[in-house]
Amino acid sequence: MVDPTVHCPLVTPFDGDAVDAAALASLVGTLSDAGIDGFVPCGTTGEFTSLTHAERRTVVETVAEAADDGWVLAGVADTTVAGVRDGLEHAASVGADAALVTLPYYHGANAPRGEVEFVEAVAQDAPLPIYLYNLPAYVGREIDPEVAAAAADLDPVVGMKDSSDDLSYLRRIDRYTPGSFALYQGIDTLYVPSCLVGATGGIHAVSNALPEAFVAVRDALAAGDVDRATSLAGRTIEPVFEQLSEHGFASATKVAAAARGFLDDASVRPPLTELDPDARAAVEAAVDDALTAL
């Protein structure tokens with residue numbers, strides 16, 4: 001097992017109708033100080049589909065500037081080749097290290113070859129390394145392992161984030177791709193088992209609120225102390241993740257981060273809604289319990 005890493009798919013703070021760049025930069029600094037390895041702006045937890053293209057640029061630029069030495073994997077998902085390539089160019093221009101790309105959502109390919117051609121077109125002369133993002137719950141389908149294998153033959157395509165919640169899928173991708181192909185787990189409760197079966201690390205929403213827990217689990221894995229890593233994850237990460245899953249990731253993650261004092265405002269944009277008092281209390285209690293268990 002390689003030494004695992006953990007990265008944060010950042011929430012996007014709002015101040016009224018605007019992206020709160022100052023709050024976002026502050027959050028990056030807090031998580032960086034806690035030991036998080038890197039950051040993913042404009043991912044699912046970051047409500048990227050509720051941001052204008054100009055706001056997405058602001059978010060990526062803010063994170064790249066605030067991250068210092070932290071790795072920045074910029075979400076550049078779009079339904080068009082031109083849209084993804086525009087996101088790649090901007091992310092590269094502001095100092096991001098790599099880009100995260102989903103298959104087109106809404107319009108699925110009528111044959112797997114279409115998905116390969118999409119990735120080929122996106123990757124041609126790409127200014128940044130590309131990580132595929134397997135997100136079947138929102139894209140509507142998983143990235144077929146043969147599509148991933150074909151994509152991995154392209155020089156810019158160097159890895160994948162898998163949010164399928166299926167360890168057997170992760171193992172198939174590992175078998176279909178070269179040993180250098182990086183695999184990041186996107187489901188927080190699968191961080192430990194994924195690292196044990198070949199994942200490079202994780203990209204996990206709960207780290208917006210519990211960076212210390214992920215750092216402790218990461219360090220235990222790196223030291224070969226699987227029992228400690230498993231116990232820590234079970235006492236801290238997993239109960240909070242269950243609350244986020246129940247109440248909606250972006251909304252509940254913001255509440256969890258606000259419970260730590262990392263955010264002042266937990267507001268979200270439609271169609272997402274803020275948590276009702278009972279749900280908010282349940283998330284806050286889970287965070288408090290996790291901190292006690294560290």
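Student: What covers the buried residues of helix 6?

Tutor: The cover includes helix 4 (112-123), strand 7 (130-134), strand 8 (157-162) and helix 7 (167-176). Keep in mind that this is a predicted model.

Student: Which residues of helix 6 are buried?

Tutor: Pro145, Val147, Ala148, Ala149, Ala151 and Ala152 are buried. Helix 6 spans residues 145-152, and because six of its eight residues are buried, the helix is largely enclosed by the rest of the structure. At its start, a side-chain oxygen of Asp144 comes to within 2.8 Å of the backbone nitrogen of Glu146.

Student: How many strands form the closed barrel, and in what order do they run?

Tutor: The closed barrel has eight strands in the order 1-4-5-6-7-8-9-10, paired in parallel. From one strand to the next, the twist averages 25 degrees. Helix 4 packs on this sheet and touches strand 6, strand 7 and strand 8, with its direction at about 150 degrees to that of strand 7.

Student: Where can I check one strand pair, and over how many bridges does it pair?

Tutor: Take strand 5 (residues 71-75) and strand 6 (residues 98-102), a parallel pair with three bridges. Within it, Leu73 stands opposite Ala98 in strand 6.

Student: Which residues touch the most other members of the largest nonpolar core?

Tutor: That core has 100 residues, and Leu10, Phe39, Leu88, Met160 and Val217 touch the most other members. For Met160, leaving aside neighbours within four places in sequence, the contacts include Tyr131, Ile143, Ala148, Tyr169, Ile173 and Phe181.

Student: How are two packed helices described?

Tutor: The description uses the angle between their axes and the distance between the axes. Here the axes of helix 10 (residues 226-247) and helix 12 (residues 277-293) come within 8 Å and cross at roughly 170 degrees. An angle over 145 degrees counts as roughly antiparallel, and helix 10 and helix 12 are therefore roughly antiparallel to each other. Residues making the contact include Arg235, Pro239, Val240 and Leu244 of helix 10, and Ala279, Val283, Ala286 and Ala290 of helix 12.

Student: Why does a helix have residues that point the same way?

Tutor: An α-helix has 3.6 residues a turn, so residues three or four places apart point the same way.

Student: Is Glu284 of helix 12 buried, exposed or partly exposed?

Tutor: Partly exposed means between 20% and 50% relative accessible area, so Glu284, at 28% relative accessibility, counts as partly exposed. Not counting residues up to four places away in sequence, Glu284 touches Val255 and Ala259. Ala257 is 27 residues from Glu284 in sequence, yet their C-alpha atoms are 9.2 Å apart.

Student: Where does Glu55 lie, and is this residue buried or exposed?

Tutor: Glu55 is part of helix 2 (residues 53-66). Its relative accessibility is 15%, so Glu55 counts as buried. The side chain of Glu55 makes a polar contact of 2.8 Å with the side chain of Arg269. Apart from neighbours within four places in sequence, Glu55 is in contact with Asp17, Val19, Ser50 and Arg269.

Student: What does the side chain of Ser207 reach?

Tutor: Ser207 sits in the loop between strand 10 (201-203) and helix 9 (211-222). Its relative accessibility is 0%, so Ser207 counts as buried. The Ser207 side chain reaches the backbone oxygen of His204 at 2.5 Å. Beyond four places in sequence, Ser207 touches His7, Cys8, Pro9, Leu31, Ile36 and Phe214.

Terms used:
Residues are numbered from 1 along each chain as its sequence is written. This is a predicted model: local features need pLDDT of at least 70, side-chain atom pairs count only at pLDDT 80 or more; totals for chains, interfaces and linings use all residues. Side-chain values use heavy atoms; hydrogens and water are left out. Buried means under 20% relative accessible area, exposed over 50%, partly exposed in between (1.4 Å probe, protein chains only). Helices (H or I, at least four residues) and strands (E, at least two) are DSSP runs, numbered from the N terminus. Contact means heavy atoms within 4.5 Å. A polar contact is a pair of N or O atoms within 3.5 Å; within protein, one must be able to donate a hydrogen and the other to accept it, and residues adjacent in sequence count only if both atoms are side-chain atoms. Two strands pair if DSSP finds at least two bridges between them. Axes are lines fitted to C-alpha atoms, for helices over the stretch in contact, and angles run from 0 to 180 degrees between N-to-C directions. A nonpolar core is a set of buried Ala, Val, Leu, Ile, Met, Phe, Trp, Tyr and Cys residues joined through side-chain atoms within 4.5 Å. Angles under 35 degrees count as roughly parallel, over 145 as roughly antiparallel, 65 to 115 as roughly perpendicular and the rest as oblique.
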